[in-house]
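Reader: Could you walk me through the empty spaces in this model? I would like to hear the reasoning behind each label.

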Amino acid sequence: MLRTCRVLCSQAGPSAGGWKPLNFDGGAFHLKGTGELTRALLVLRLCAWPPLVTHGLALQAWSRRLLGSRLSGAFLRASIYGQFVAGETADEVKGCVQQLQALGLRPLLAVPTEEEPDSAVKTGEAWYEGNFSAMLRCVDLSRGLLETPGPTGNILMQLKVTALTSARLCKELTSCIRKPGASLELSPERLAEAMDSGQDLQVSCLSAEQNRHLQASLSRLHRVHARAQHVRLLVDAEYTFLNPALSLLVDALARRWNSPGEGGPWVWNTYQAYLKDTHERLRQAAEAADRSGLAFGVKLVRGAYLDKERQVARHQGTEDPTQPDYEATSRSYSRCLELMLTHVSHRGPMCHLMVASHNEESVRQATKRMWELGIPLDGPVCFGQLLGMCDHVSLALGQAGYAVYKSIPYGSLEEVIPYLIRRAQENRSVLQGARREQKLLSQELRRRVLGRGQHPQESCG
């Protein structure tokens, strides 16, 4: 407890006299045990090995055949599963969340269920209804994790739309949206009305079967949010050939749930800075929400589908929608961040932002601009990172008083490991770019082994 207090008092937030940049030098690792740090270092090094990410599912099947299910499962639980997953049962998840809260961090639960865009539809509506039930359990679990929802304790949860509606339908809707004259037939207002009334919605460019699936999908989305009292839903972005449809569905939910007097945005959309048109789309969406008097919530990410997007563009002979390199993506992220922070400073609690980034410079930019614009630490801007990664940034932010959320998948090994492998394949650059975190972990472990005394940040001076 004394050590925790020392680190807490050394990580003071921005003072009234001037902005002071946070130190992401691993000082807050003192809050974690040696076993946790050792596992983190080993797992991050493993995940930075390309063959493990590329052939993860095959390696998992091979280890099960070689070691048997019990030994293979025990190895995964002690390593990758233990590093990135909260657990399987509600009690295990709550235990993980309590550990995070003791470190000044907050939970962002994620159900590890989705449909790959090119996969066959699983088992019709029954598969999506099963996912819907899992979403409701996640809502209930999220709602029970924090005792007092409010400005300093917003309850957030991730929502993957393609777990509740087929990617094929989203592709068709995207094609419909891009046709001339589709604006009235596929308006957010019309979809919101169908959600509320439960009446049949007929879209001329869809088949009878697709219209039935759309109606069932709207019902699932509506019922998830109706259950999600005090829980803000952060809708994940996906591929560019799905995103227009996803944005339409988010806009329809926003018409119903982000209206004035509802307590700020309850449905947020995700914007991917690695796409060339993101800044313009974000500007238009923010201004449209302002004109309509709707609350506006955004999770800002760099993006995870780079290889797939470029592959699809080459195959179709279309323009590559992604930024040319990482530096261009970082410039795009910086511009989008500045845009959103300006909107937050003007609209206050009617505009919320999650700075979802592992990049230290992006986080520093956000904290500096928050200070310059007078945005409070416990206000409508929060930060997000993945559970088990970027702890040197998360912990420093949390100790300084910023709202920091860790994205937390949970579930059985069979449910979560394929999900983790797919996330790793999508986030290769993040995993391979975690060298600085590995270096800081190595330094802290070496310091403990050699007994070199206190880290300079362990004392308040």
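**Cavities, a pocket and a helix**

Author: Let us begin with the second largest cavity: its lining divides into two nonpolar, five polar and two charged residues. Please keep in mind that this is a predicted model.

Reader: Thanks! Which residues line the second largest cavity?

Author: Asp236, Ala237, Asn243, Leu246, Ser247, Asn269, Thr270, Gln272 and Arg281 do. Two elements, α12 and β4, each give two or more residues to that lining. The space inside the second largest cavity is about 50 Å³.

Reader: What makes Asp236 and Arg281 count as charged in that lining?

Author: Asp and Arg both belong to the charged class, along with Glu and Lys. Asp236 and Arg281 are in the lining, and two is the number of charged residues there.

Reader: How many cavities of 30 Å³ or more does the search find?

Author: Three, in a search of the whole structure. The largest cavity holds about 70 Å³ of space. Asn154, His352, Gly379, Pro380 and Cys382 are the closest to its centre, out of 13 lining residues. Strands β6 (351–356) and β7 (381–386) each supply at least two residues of this lining, and its classes are nine nonpolar, three polar and one charged.

Reader: Why is the second largest pocket called a pocket rather than a cavity?

Author: A cavity is a set of points where a 1.4 Å probe fits but cannot get out, whereas a pocket is an open set, so the label tells you that this space is open. The second largest pocket has a volume of about 1100 Å³. Of its 43 lining residues, Asn243, Pro244, Ser247, Asp251 and Arg281 are the closest to the centre.

Reader: Which element gives the most to the lining of that pocket?

Author: α12 does, with eight residues. Among the other elements that supply at least two are β4 (267–272), α13 (278–292) and β5 (296–301). By class, the pocket lining has 22 nonpolar, twelve polar and nine charged residues.

Reader: On to helix α15: what is its span set against?

Author: Helix α15 (residues 326–347) has 22 residues and reaches 31 Å from first C-alpha to last, close to the 32 Å expected at 1.5 Å a residue.

Reader: And what makes the approach at the start of α15 a polar contact?

Author: A side-chain oxygen of aspartate 325 comes within 3.3 Å of the backbone nitrogen of glutamate 327. The cut-off for an N or O pair is 3.5 Å, so this distance falls inside it. After α15 comes glycine 348, with a positive phi near 65°.

Definitions and conventions:
Residues are numbered from 1 along each chain as its sequence is written. This is a predicted model: local features need pLDDT of at least 70, side-chain atom pairs count only at pLDDT 80 or more; totals for chains, interfaces and linings use all residues. Side-chain values use heavy atoms; hydrogens and water are left out. On a 1 Å grid over the protein atoms alone, a cavity is a set of points where a 1.4 Å probe fits but cannot get out, and a pocket is an open set with protein on both sides within 12 Å along at least five of seven lines; lining residues have an atom within 4 Å of a point. Grid points are joined across faces, edges and corners, and a volume is the space filled by probe spheres set on the points. Helices (H or I, at least four residues) and strands (E, at least two) are DSSP runs, numbered from the N terminus. The expected span of a helix is 1.5 Å times one less than its number of residues. A polar contact is a pair of N or O atoms within 3.5 Å; within protein, one must be able to donate a hydrogen and the other to accept it, and residues adjacent in sequence count only if both atoms are side-chain atoms.
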